[in-house]
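Let's take a walk through this chain together, from its overall form down to a few spots in the backbone. Keep the viewer open as you read.

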Amino acid sequence: MNKKIKRSYIREILDATDENTISFAGGLPDKELFPLFELSKASKEVFKNSDCLQYSKSQGIESLREKIAQIYTDKFNFPTSKDEILITTGSQQAFDIILKSLDSNELIVERPTYIGALGAFKILNKQILGFNKIDELNTLLNENNILYTISDYQNPSTNIYSNKERKEFSKILNKKKSVLIEDGPYCFLNFKNKIKDPISKRYDNSFHLGSFSKIVAPGLRLGWIRANKNNINKLFVAKESLDLHTSSFNQMLMNEYLSSNNLFKHISKINKEYNKKMKFMAKCFKRDIPSFTFKKPKGGMFIYGSFKEDSMILAKKAIRENIAFVPGEVFYLNKKSNEARFNFTNASYKDIKIGINKLASIINSDK
Ligand SMILES: Cc1ncc(COP(=O)(O)O)c(C=O)c1O
(Lines give C-alpha, C1' and ligand atoms only; values in the text may rest on other atoms or scores of the structure.)
Protein backbone atom coordinates (compact mmCIF):
# COMPACT_ATOMS: atom_id res chain seq x y z
CA MET A 1 0.00 0.00 0.00
CA ASN A 2 1.31 3.42 -0.91
CA LYS A 3 1.40 5.21 2.46
CA LYS A 4 2.32 8.61 1.04
CA ILE A 5 -1.03 9.09 -0.66
CA LYS A 6 -3.69 10.67 1.50
CA ARG A 7 -7.36 9.82 1.11
CA SER A 8 -9.54 12.24 -0.79
CA TYR A 9 -10.47 15.14 1.50
CA ILE A 10 -14.03 14.87 0.18
CA ARG A 11 -14.41 11.15 0.86
CA GLU A 12 -13.09 11.79 4.39
CA ILE A 13 -15.59 14.61 4.91
CA LEU A 14 -18.38 12.36 3.65
CA ASP A 15 -17.34 9.74 6.21
CA ALA A 16 -17.25 12.37 8.97
CA THR A 17 -20.71 13.75 8.27
CA ASP A 18 -23.90 12.46 9.85
CA GLU A 19 -27.59 13.33 9.75
CA ASN A 20 -26.86 16.56 11.67
CA THR A 21 -24.45 17.85 9.04
CA ILE A 22 -25.54 20.23 6.33
CA SER A 23 -23.27 19.13 3.54
CA PHE A 24 -22.28 21.17 0.51
CA ALA A 25 -19.20 18.99 0.14
CA GLY A 26 -19.85 15.98 -2.11
CA GLY A 27 -20.93 16.09 -5.74
CA LEU A 28 -24.20 14.46 -4.74
CA PRO A 29 -27.27 14.86 -6.93
CA ASP A 30 -30.65 15.70 -5.40
CA LYS A 31 -32.03 12.32 -4.33
CA GLU A 32 -35.58 13.68 -4.56
CA LEU A 33 -35.05 13.69 -8.33
CA PHE A 34 -33.94 10.09 -8.68
CA PRO A 35 -36.39 8.27 -10.98
CA LEU A 36 -37.23 5.81 -8.18
CA PHE A 37 -40.62 4.76 -9.47
CA GLU A 38 -39.37 4.24 -13.04
CA LEU A 39 -36.30 2.28 -11.88
CA SER A 40 -38.39 0.17 -9.55
CA LYS A 41 -40.74 -0.63 -12.42
CA ALA A 42 -37.78 -1.41 -14.68
CA SER A 43 -36.28 -3.69 -12.03
CA LYS A 44 -39.40 -5.88 -12.10
CA GLU A 45 -38.94 -6.37 -15.84
CA VAL A 46 -35.23 -7.10 -15.42
CA PHE A 47 -35.87 -9.73 -12.76
CA LYS A 48 -37.93 -11.70 -15.27
CA ASN A 49 -34.67 -12.62 -16.99
CA SER A 50 -32.19 -14.62 -14.90
CA ASP A 51 -29.32 -13.34 -17.06
CA CYS A 52 -29.47 -10.24 -14.87
CA LEU A 53 -27.70 -12.22 -12.14
CA GLN A 54 -25.29 -13.99 -14.49
CA TYR A 55 -21.74 -13.03 -15.50
CA SER A 56 -21.71 -10.91 -18.65
CA LYS A 57 -19.30 -9.51 -21.26
CA SER A 58 -16.39 -7.35 -20.05
CA GLN A 59 -17.16 -4.61 -22.56
CA GLY A 60 -20.71 -4.30 -21.21
CA ILE A 61 -24.10 -5.52 -22.40
CA GLU A 62 -24.69 -4.81 -26.07
CA SER A 63 -28.08 -3.15 -25.88
CA LEU A 64 -26.86 -0.62 -23.31
CA ARG A 65 -23.73 0.11 -25.36
CA GLU A 66 -25.95 0.63 -28.40
CA LYS A 67 -28.07 3.16 -26.53
CA ILE A 68 -25.04 5.08 -25.26
CA ALA A 69 -23.53 5.08 -28.77
CA GLN A 70 -26.83 6.47 -30.08
CA ILE A 71 -26.61 9.38 -27.62
CA TYR A 72 -23.24 10.39 -29.15
CA THR A 73 -24.61 10.04 -32.66
CA ASP A 74 -27.83 11.98 -31.95
CA LYS A 75 -26.82 14.60 -29.41
CA PHE A 76 -23.29 15.47 -30.56
CA ASN A 77 -23.59 14.42 -34.19
CA PHE A 78 -20.60 12.24 -33.34
CA PRO A 79 -21.18 8.91 -35.15
CA THR A 80 -20.49 6.14 -32.65
CA SER A 81 -21.07 2.38 -32.67
CA LYS A 82 -21.55 -0.01 -29.77
CA ASP A 83 -18.01 -1.31 -30.35
CA GLU A 84 -16.69 2.12 -29.45
CA ILE A 85 -18.22 2.00 -25.97
CA LEU A 86 -16.89 0.23 -22.88
CA ILE A 87 -19.11 0.20 -19.81
CA THR A 88 -17.28 1.03 -16.57
CA THR A 89 -18.19 0.76 -12.90
CA GLY A 90 -18.71 4.51 -12.53
CA SER A 91 -16.61 6.81 -14.66
CA GLN A 92 -14.15 6.89 -11.77
CA GLN A 93 -13.04 3.40 -12.81
CA ALA A 94 -12.18 4.69 -16.28
CA PHE A 95 -9.09 6.49 -14.95
CA ASP A 96 -7.62 3.27 -13.62
CA ILE A 97 -8.51 1.28 -16.74
CA ILE A 98 -7.05 3.80 -19.17
CA LEU A 99 -3.88 4.55 -17.25
CA LYS A 100 -3.11 0.88 -16.70
CA SER A 101 -3.58 0.29 -20.43
CA LEU A 102 -1.29 3.01 -21.79
CA ASP A 103 2.45 3.54 -21.45
CA SER A 104 2.27 7.27 -20.69
CA ASN A 105 3.53 8.33 -17.30
CA GLU A 106 2.75 12.03 -17.43
CA LEU A 107 -0.61 13.76 -17.14
CA ILE A 108 -1.36 17.38 -17.89
CA VAL A 109 -4.36 18.64 -15.92
CA GLU A 110 -6.32 21.85 -15.39
CA ARG A 111 -5.55 23.90 -12.32
CA PRO A 112 -7.66 23.27 -10.25
CA THR A 113 -9.02 19.84 -11.18
CA TYR A 114 -11.20 16.94 -9.99
CA ILE A 115 -9.78 15.49 -6.77
CA GLY A 116 -10.83 11.93 -7.68
CA ALA A 117 -8.79 12.07 -10.87
CA LEU A 118 -5.76 13.39 -8.99
CA GLY A 119 -6.10 10.50 -6.52
CA ALA A 120 -6.37 7.93 -9.31
CA PHE A 121 -3.30 9.35 -11.10
CA LYS A 122 -1.25 9.58 -7.91
CA ILE A 123 -1.86 6.01 -6.77
CA LEU A 124 -0.46 4.83 -10.09
CA ASN A 125 2.62 7.02 -9.48
CA LYS A 126 1.98 9.21 -12.51
CA GLN A 127 3.69 12.57 -12.93
CA ILE A 128 1.13 15.37 -12.91
CA LEU A 129 1.64 18.86 -14.32
CA GLY A 130 -0.95 21.63 -14.26
CA PHE A 131 -1.94 24.24 -16.83
CA ASN A 132 -3.94 27.47 -16.49
CA LYS A 133 -4.33 28.61 -20.08
CA ILE A 134 -4.88 26.59 -23.22
CA ASP A 135 -1.85 28.00 -25.04
CA GLU A 136 0.46 26.59 -22.34
CA LEU A 137 -0.39 23.21 -23.87
CA ASN A 138 1.77 24.10 -26.86
CA THR A 139 4.79 23.55 -24.65
CA LEU A 140 3.40 20.99 -22.19
CA LEU A 141 1.96 18.39 -24.56
CA ASN A 142 3.90 15.74 -26.45
CA GLU A 143 3.18 12.33 -27.97
CA ASN A 144 4.16 10.55 -24.76
CA ASN A 145 1.83 12.28 -22.36
CA ILE A 146 -1.90 12.56 -21.65
CA LEU A 147 -4.12 15.62 -21.43
CA TYR A 148 -6.92 15.28 -18.87
CA THR A 149 -9.68 17.83 -19.21
CA ILE A 150 -13.25 18.38 -18.02
CA SER A 151 -14.80 20.49 -20.79
CA ASP A 152 -18.24 21.13 -19.28
CA TYR A 153 -18.95 22.68 -15.87
CA GLN A 154 -15.55 21.70 -14.66
CA ASN A 155 -15.24 20.22 -11.20
CA PRO A 156 -14.46 22.32 -9.23
CA SER A 157 -14.11 25.58 -11.23
CA THR A 158 -17.50 25.29 -13.06
CA ASN A 159 -15.78 26.55 -16.23
CA ILE A 160 -17.11 25.48 -19.63
CA TYR A 161 -14.97 25.78 -22.75
CA SER A 162 -16.43 27.75 -25.64
CA ASN A 163 -16.57 26.19 -29.11
CA LYS A 164 -13.62 28.38 -30.08
CA GLU A 165 -11.59 27.05 -27.14
CA ARG A 166 -12.53 23.47 -28.02
CA LYS A 167 -11.19 24.04 -31.52
CA GLU A 168 -7.99 25.44 -30.04
CA PHE A 169 -7.58 22.29 -27.92
CA SER A 170 -8.05 20.02 -30.91
CA LYS A 171 -5.66 22.05 -33.03
CA ILE A 172 -2.90 21.69 -30.42
CA LEU A 173 -3.69 18.01 -29.85
CA ASN A 174 -3.56 17.24 -33.56
CA LYS A 175 -0.15 18.89 -33.67
CA LYS A 176 1.29 17.43 -30.45
CA LYS A 177 -0.34 13.95 -30.61
CA SER A 178 -0.91 13.49 -26.86
CA VAL A 179 -3.64 11.13 -25.69
CA LEU A 180 -6.79 12.99 -24.62
CA ILE A 181 -8.94 11.93 -21.66
CA GLU A 182 -12.03 14.14 -21.78
CA ASP A 183 -14.20 13.69 -18.72
CA GLY A 184 -17.85 14.56 -19.32
CA PRO A 185 -20.09 13.70 -16.34
CA TYR A 186 -21.72 17.15 -16.48
CA CYS A 187 -21.94 17.55 -20.27
CA PHE A 188 -25.76 17.38 -20.32
CA LEU A 189 -26.28 19.49 -17.21
CA ASN A 190 -26.69 22.89 -18.85
CA PHE A 191 -29.53 24.80 -17.18
CA LYS A 192 -30.97 25.61 -20.62
CA ASN A 193 -30.36 22.09 -21.95
CA LYS A 194 -27.75 23.31 -24.43
CA ILE A 195 -25.08 20.75 -25.32
CA LYS A 196 -21.62 21.43 -26.72
CA ASP A 197 -19.70 18.99 -28.90
CA PRO A 198 -16.85 17.29 -27.05
CA ILE A 199 -13.25 18.02 -28.04
CA SER A 200 -12.94 14.26 -28.70
CA LYS A 201 -15.09 14.67 -31.79
CA ARG A 202 -12.22 16.56 -33.38
CA TYR A 203 -9.41 14.38 -32.05
CA ASP A 204 -9.32 10.65 -32.67
CA ASN A 205 -6.71 9.56 -30.11
CA SER A 206 -9.14 10.30 -27.31
CA PHE A 207 -11.14 8.70 -24.53
CA HIS A 208 -14.40 10.47 -23.72
CA LEU A 209 -15.76 9.51 -20.30
CA GLY A 210 -19.45 9.53 -19.52
CA SER A 211 -21.54 8.70 -16.49
CA PHE A 212 -25.12 8.01 -15.42
CA SER A 213 -24.23 9.24 -11.92
CA LYS A 214 -25.28 12.85 -12.29
CA ILE A 215 -28.12 12.31 -14.77
CA VAL A 216 -29.82 9.21 -13.32
CA ALA A 217 -28.31 7.91 -10.05
CA PRO A 218 -24.73 7.52 -8.76
CA GLY A 219 -25.41 4.48 -6.57
CA LEU A 220 -25.80 2.33 -9.67
CA ARG A 221 -22.11 2.97 -10.45
CA LEU A 222 -22.56 3.08 -14.21
CA GLY A 223 -20.21 4.96 -16.47
CA TRP A 224 -18.59 4.45 -19.85
CA ILE A 225 -15.62 5.18 -22.08
CA ARG A 226 -16.12 6.25 -25.70
CA ALA A 227 -13.07 5.72 -27.92
CA ASN A 228 -12.23 4.39 -31.37
CA LYS A 229 -12.26 0.59 -31.65
CA ASN A 230 -8.50 0.31 -31.58
CA ASN A 231 -8.29 2.29 -28.32
CA ILE A 232 -11.24 0.40 -26.76
CA ASN A 233 -9.51 -2.90 -27.54
CA LYS A 234 -6.48 -1.80 -25.53
CA LEU A 235 -8.63 -1.53 -22.38
CA PHE A 236 -10.03 -5.04 -21.94
CA VAL A 237 -7.12 -6.56 -19.99
CA ALA A 238 -7.22 -3.80 -17.38
CA LYS A 239 -11.03 -3.85 -17.13
CA GLU A 240 -11.04 -7.63 -16.67
CA SER A 241 -8.33 -7.45 -14.03
CA LEU A 242 -10.40 -4.98 -11.99
CA ASP A 243 -13.86 -6.57 -11.87
CA LEU A 244 -14.35 -8.82 -14.94
CA HIS A 245 -17.32 -6.65 -15.89
CA THR A 246 -19.67 -4.01 -14.49
CA SER A 247 -22.74 -5.33 -12.62
CA SER A 248 -25.00 -7.19 -15.07
CA PHE A 249 -28.08 -6.31 -13.06
CA ASN A 250 -27.33 -2.59 -12.97
CA GLN A 251 -26.58 -2.50 -16.69
CA MET A 252 -29.80 -4.34 -17.54
CA LEU A 253 -31.71 -2.05 -15.19
CA MET A 254 -30.36 1.04 -16.94
CA ASN A 255 -31.03 -0.52 -20.32
CA GLU A 256 -34.64 -1.18 -19.37
CA TYR A 257 -35.01 2.31 -17.87
CA LEU A 258 -33.70 3.87 -21.08
CA SER A 259 -36.03 1.71 -23.20
CA SER A 260 -39.17 2.75 -21.36
CA ASN A 261 -38.38 6.38 -20.44
CA ASN A 262 -37.18 9.54 -22.11
CA LEU A 263 -33.77 10.22 -20.52
CA PHE A 264 -33.49 13.72 -21.91
CA LYS A 265 -36.89 14.69 -20.57
CA HIS A 266 -35.65 13.58 -17.15
CA ILE A 267 -32.40 15.53 -17.60
CA SER A 268 -34.34 18.63 -18.54
CA LYS A 269 -36.36 18.31 -15.32
CA ILE A 270 -33.13 18.03 -13.31
CA ASN A 271 -31.65 21.05 -15.08
CA LYS A 272 -34.69 23.17 -14.29
CA GLU A 273 -34.60 22.26 -10.61
CA TYR A 274 -30.82 22.69 -10.34
CA ASN A 275 -30.99 26.14 -11.89
CA LYS A 276 -33.50 27.17 -9.22
CA LYS A 277 -31.35 25.74 -6.44
CA MET A 278 -28.21 27.40 -7.78
CA LYS A 279 -29.96 30.78 -7.90
CA PHE A 280 -31.24 30.27 -4.36
CA MET A 281 -27.78 29.46 -3.01
CA ALA A 282 -26.30 32.42 -4.91
CA LYS A 283 -28.91 34.69 -3.30
CA CYS A 284 -28.05 33.33 0.17
CA PHE A 285 -24.36 34.07 -0.43
CA LYS A 286 -25.03 37.60 -1.68
CA ARG A 287 -27.18 38.34 1.36
CA ASP A 288 -25.19 36.59 4.11
CA ILE A 289 -21.57 36.46 2.88
CA PRO A 290 -21.23 39.22 0.25
CA SER A 291 -17.43 39.01 0.51
CA PHE A 292 -17.51 35.51 -1.08
CA THR A 293 -16.94 36.19 -4.77
CA PHE A 294 -18.08 33.83 -7.51
CA LYS A 295 -19.48 33.70 -11.01
CA LYS A 296 -22.87 32.03 -11.30
CA PRO A 297 -22.38 28.75 -13.21
CA LYS A 298 -24.43 27.99 -16.33
CA GLY A 299 -24.80 24.34 -15.40
CA GLY A 300 -23.33 21.54 -13.33
CA MET A 301 -23.64 21.09 -9.60
CA PHE A 302 -21.31 23.58 -7.92
CA ILE A 303 -20.72 27.19 -6.99
CA TYR A 304 -16.99 27.90 -6.88
CA GLY A 305 -15.67 31.12 -5.44
CA SER A 306 -13.14 32.88 -3.20
CA PHE A 307 -13.34 33.85 0.44
CA LYS A 308 -11.44 36.72 2.00
CA GLU A 309 -10.57 34.25 4.77
CA ASP A 310 -8.33 31.17 4.65
CA SER A 311 -10.80 28.63 3.26
CA MET A 312 -9.02 25.58 4.73
CA ILE A 313 -9.22 27.00 8.27
CA LEU A 314 -12.81 28.06 7.66
CA ALA A 315 -13.76 24.58 6.38
CA LYS A 316 -12.32 23.00 9.52
CA LYS A 317 -14.21 25.41 11.80
CA ALA A 318 -17.38 24.88 9.78
CA ILE A 319 -17.25 21.10 10.04
CA ARG A 320 -17.14 21.43 13.84
CA GLU A 321 -20.42 23.36 13.50
CA ASN A 322 -21.84 20.66 11.19
CA ILE A 323 -21.44 22.58 7.93
CA ALA A 324 -19.36 20.90 5.23
CA PHE A 325 -17.85 22.44 2.10
CA VAL A 326 -14.61 21.81 0.24
CA PRO A 327 -11.67 24.23 0.45
CA GLY A 328 -10.14 24.91 -2.98
CA GLU A 329 -6.64 23.87 -1.93
CA VAL A 330 -7.45 20.16 -2.28
CA PHE A 331 -8.11 20.59 -6.00
CA TYR A 332 -4.58 21.84 -6.65
CA LEU A 333 -1.39 19.81 -6.76
CA ASN A 334 0.43 22.21 -4.53
CA LYS A 335 -1.06 25.62 -3.97
CA LYS A 336 -2.54 27.64 -1.12
CA SER A 337 -5.94 28.96 -2.07
CA ASN A 338 -8.88 30.78 -0.51
CA GLU A 339 -11.23 29.27 -3.04
CA ALA A 340 -14.03 26.94 -2.02
CA ARG A 341 -16.53 24.62 -3.69
CA PHE A 342 -20.17 24.40 -2.68
CA ASN A 343 -22.53 21.75 -4.02
CA PHE A 344 -26.01 23.22 -4.44
CA THR A 345 -27.87 20.13 -5.68
CA ASN A 346 -27.96 17.88 -2.63
CA ALA A 347 -29.10 20.02 0.30
CA SER A 348 -32.73 21.12 0.66
CA TYR A 349 -33.66 24.80 0.23
CA LYS A 350 -34.12 25.04 3.99
CA ASP A 351 -30.67 23.60 4.67
CA ILE A 352 -29.04 25.83 2.06
CA LYS A 353 -30.51 28.85 3.84
CA ILE A 354 -29.55 27.66 7.33
CA GLY A 355 -26.10 26.43 6.22
CA ILE A 356 -24.98 29.62 4.48
CA ASN A 357 -26.35 31.71 7.33
CA LYS A 358 -24.48 29.62 9.91
CA LEU A 359 -21.31 29.93 7.84
CA ALA A 360 -21.74 33.71 7.88
CA SER A 361 -21.96 33.62 11.70
CA ILE A 362 -18.75 31.58 11.88
CA ILE A 363 -16.96 34.12 9.67
CA ASN A 364 -18.38 37.12 11.57
CA SER A 365 -17.54 35.68 15.00
CA ASP A 366 -13.84 35.92 14.03
CA LYS A 367 -13.97 39.61 13.19
C1 LIG B 1 -15.23 15.36 -13.03
C2 LIG B 1 -15.68 14.05 -12.48
N3 LIG B 1 -15.27 12.91 -13.07
C4 LIG B 1 -15.66 11.71 -12.62
C5 LIG B 1 -16.48 11.59 -11.53
C6 LIG B 1 -16.85 10.21 -11.04
O7 LIG B 1 -18.16 9.93 -11.32
P8 LIG B 1 -18.77 8.46 -11.26
O9 LIG B 1 -19.83 8.51 -10.23
O10 LIG B 1 -19.31 8.21 -12.63
O11 LIG B 1 -17.68 7.51 -10.91
C12 LIG B 1 -16.93 12.74 -10.86
C13 LIG B 1 -17.77 12.63 -9.67
O14 LIG B 1 -18.01 13.57 -8.95
C15 LIG B 1 -16.53 14.00 -11.37
O16 LIG B 1 -16.92 15.15 -10.80
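**A walk through the chain**

Of the 367 residues in the chain, 54% count as buried. Please keep in mind that this is a predicted model. Its secondary structure amounts to 13 helices and 13 strands. The radius of gyration is 20 Å, close to the 21 Å that the globule rule gives for 367 residues, so the chain is as compact as a globular protein of that length. Taken along the principal axes, the box filled by the C-alpha atoms is roughly 60 × 55 × 45 Å.

How do the contacts spread along the sequence? Among contacts with a separation of 6 or more, 76% are between residues 24 or more positions apart. Turning to the surface, the chain exposes about 17,100 Å², and carbon and sulfur atoms supply 49% of that area. The chain has 60 positive and 40 negative charges, and the mean positions of these two sets are 5 Å apart.

Next, the cysteines. How many disulfides are there? The count is zero, taking a disulfide to be a pair of cysteine sulfur atoms within 2.5 Å. Two cysteines to find in your viewer are Cys187, which is buried with a relative accessible area of 5%, and Cys284, also buried at 1%.

Now for the backbone. Most residues other than glycine have a negative phi, and most peptide bonds are trans. With that in mind, here are some places worth a visit. The peptide bond from Arg111 to Pro112 is cis, with omega near 0 degrees. Pro112 sits in the loop that runs between β3 (106-110) and α5 (115-123). Follow the chain onward into α5, where the buried residues are Ile115, Gly116, Ala117, Leu118, Ala120 and Phe121. Just after this helix, α5, comes Asn125, with a positive phi of about 60 degrees.

The loop between β5 (145-149) and α7 (163-176) holds Pro156, and a cis peptide bond with omega of about 15 degrees joins Asn155 to this proline. Thr158 lies in the loop between β5 and α7 as well. Its phi is near 70 degrees, a positive value in a residue other than glycine. Is Thr158 buried or exposed? With a relative accessibility of 11%, Thr158 counts as buried, because the cut-off for buried is under 20%.

Leu244 also has a positive phi, about 65 degrees, although it is not a glycine. You will find Leu244 in the loop between α9 (236-243) and α10 (248-260). At 44% relative accessibility, Leu244 counts as partly exposed.

Our last stop is Lys100, in helix α4 (residues 92-101). Lys100 is partly exposed, with a relative accessible area of 43%. Which residues does Lys100 contact, leaving aside its neighbours within four places in sequence? They are Leu124, Ala238 and Leu242. To get a feel for distance across the model, look from Lys100 to Leu314: these residues are 214 apart in sequence, and their C-alpha atoms are 38 Å apart in space.

Notes: Residues numbered from 1 in each chain as written. Predicted model: local features only at pLDDT ≥ 70, side-chain atom pairs only at ≥ 80, totals over all residues. Heavy atoms only, no water. Helix = DSSP H or I, 4+ residues; strand = E, 2+ residues; numbered from the N terminus. Rg over C-alpha atoms; globule rule 2.2 N^0.38 Å. Buried < 20%, exposed > 50% of the residue type's maximum accessible area, 1.4 Å probe, protein only. Contact = heavy atoms within 4.5 Å. Areas by Shrake-Rupley, 256 points an atom, 1.4 Å probe, with all protein chains shown as cover. Lys, Arg positive; Asp, Glu negative; His and termini not counted. Charge placed at Lys NZ, Arg CZ, Asp CG, Glu CD.
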